[in-house]
Amino acid sequence: MTAYLIRRALYALPLLLGVNVLTFVLFFVVNSPDDMARMHLGQKHVTQEAIDLWKHERGYDLPQLWNGEAEGVGKLTETIFYQKSVGLFLFRFGRSDSGRDIGADIAQRAWPSLAFAVPALIFGLLVHITLAVGLVFFRLTYLEFWGVAACVAMLSISSLFYIIGGQYLLGKLLLLVPISGYDGGWNAVKFLILPVVISVVAGTGSGVRWYRTLFLEEVERDYVRTARAKGLSETRVLFTHVLRNALIPILTGVVVILPSLFIGSLITESFFAIPGLGSYTIDAIAQQDFAIVRAMVFLGSALYILGLVLTDISYTLADPRVRLN
């Protein structure tokens, strides 16, 4: 296990370096610091002195990769790449273009994102897997036909429809929950009910169809026929054998959404005014705060790689035959 983790960590370094270099090229080569200053200050009536002052205050007036005027290691360290990108590997996010501590903002906003994303993930898995098992149980019947048709219809509807419709129906007409907002402690529960419900409902179409496909592949295998031949009920076959053997592809699908547990949902957090990392990223894009956007891109990549490692480890728990070599 230790050797596997070390090897995966070594594999992750070039991937994160590639992401870091790509974001650096996009933000500092394709989009020069002068362009960044003009977008931040406004396109009209911006003097060169104001641009130079803006770059100097944020350290964007240094050479990009090589500082020929510096001495020794300063040729590498006194550059934009070293000061703005290398520190990300140590999760030193620095300060935003507006002067805020990005690391402190991330630590503060991570909890609202987790408070929304964790219940949405757990309830989503329970609801979607249960409905998918139900469709498989009633396969080749009208219930399965109309269930699949409903999933296709739900899949074809934009997530914005669920958000706006849920806010109008549950928040404005029925007055069951607040439309938007957030509060600390247990008071946050009443603000999270609506976004969690909408998140689960919006993902039902794709989730149920995905899990149904997995379960249908399993019910045709030889071990299922053997279990039925032994006299086991269809319910026990599905929940004891099929569901357990489908855990590995289920875990593979979960890894795709693991980064959202920390990063949060960009659209949902913005619509419901949840002060999480998703709305933090959207606000940074709107305010053209490029330092925050770079930090969030790198953080999302690191969390995705971590999710892949955790998924591989979880395989050994789901199936004892799996070994990490």
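This is a short dialogue on reading a predicted model, taken feature by feature.

User: Where do I start, and how many helices and strands are there?

Analyst: Start with the secondary structure of this predicted model. The protein has 17 helices and zero strands. Its C-alpha atoms fill a box of roughly 80 × 55 × 35 Å along the principal axes.

User: Which residues does UniProt list as "transmembrane region"?

Analyst: An unreviewed UniProt entry lists residues 9-30, 114-138, 145-171, 191-211, 246-272 and 292-318 under that name. Such a record can be set beside the model. Residues 9-30 are 100% helix and 0% strand, with the end C-alpha atoms 30 Å apart. For residues 191-211 the figures are 95% helix and 0% strand, and there the end C-alpha atoms are also 30 Å apart.

User: What does the domain assignment give?

Analyst: Two entries are given: domain 1 (1-90) and domain 2 (109-318). Their centres, taken over C-alpha atoms, are separated by 35 Å. In the contact between them, 20 residues come from domain 1 and 16 residues from domain 2.

User: How is burial read here, and what share of the residues counts as buried?

Analyst: A residue counts as buried when its relative accessible area is under 20%. Of the 325 residues, 38% meet that description. The next step is to ask which buried nonpolar residues join up through their side chains.

User: Which residues touch the most other members of the largest nonpolar core?

Analyst: That core has 31 residues, and Phe28, Phe93, Ile102, Ile106, Tyr280 and Met296 touch the most other members. Elements giving two or more residues to the core include α1 (2-30), α6 (102-137) and α17 (290-318). The most come from α17, with 11 residues. At least three residues are drawn from each of domain 1 (1-90) and domain 2 (109-318).

User: With neighbours within four places in sequence left aside, what is Phe28 in contact with?

Analyst: Phe28 is in contact with Pro33, Met36, Tyr60, Gln64, Ile80 and Arg294. There is also a second, separate core of 19 residues, which includes Tyr211, Ala227, Ala246 and Val254.

User: How is empty space found, and which residues lie nearest the centre of the second largest pocket?

Analyst: A probe the size of a water molecule is rolled over the atoms, and this shows where empty space is left. The second largest pocket has a volume of about 350 Å³. Its lining has 22 residues, with Gln83, Lys84, Phe93, Gly94 and Arg95 nearest the centre. At least two lining residues come from each of α3, α5 and α17.

User: What share of contacts between residues at least 6 apart in sequence joins residues at least 24 apart?

Analyst: The share is 67%.

How values were computed. Residues numbered from 1 in each chain as written. Predicted model: local features only at pLDDT ≥ 70, side-chain atom pairs only at ≥ 80, totals over all residues. Heavy atoms only, no water. UniProt positions renumbered as here; feature names shortened; annotations may be inferred. Helix = DSSP H or I, 4+ residues; strand = E, 2+ residues; numbered from the N terminus. Core = buried A, V, L, I, M, F, W, Y, C linked by side-chain atoms within 4.5 Å. Buried < 20%, exposed > 50% of the residue type's maximum accessible area, 1.4 Å probe, protein only. Domains from an automatic or database assignment. Contact = heavy atoms within 4.5 Å. 1 Å grid on protein atoms, 1.4 Å probe; cavity = no way out; pocket = protein on both sides within 12 Å on 5 of 7 lines; lining within 4 Å. Points joined across faces, edges and corners; volume = space filled by probe spheres on them.
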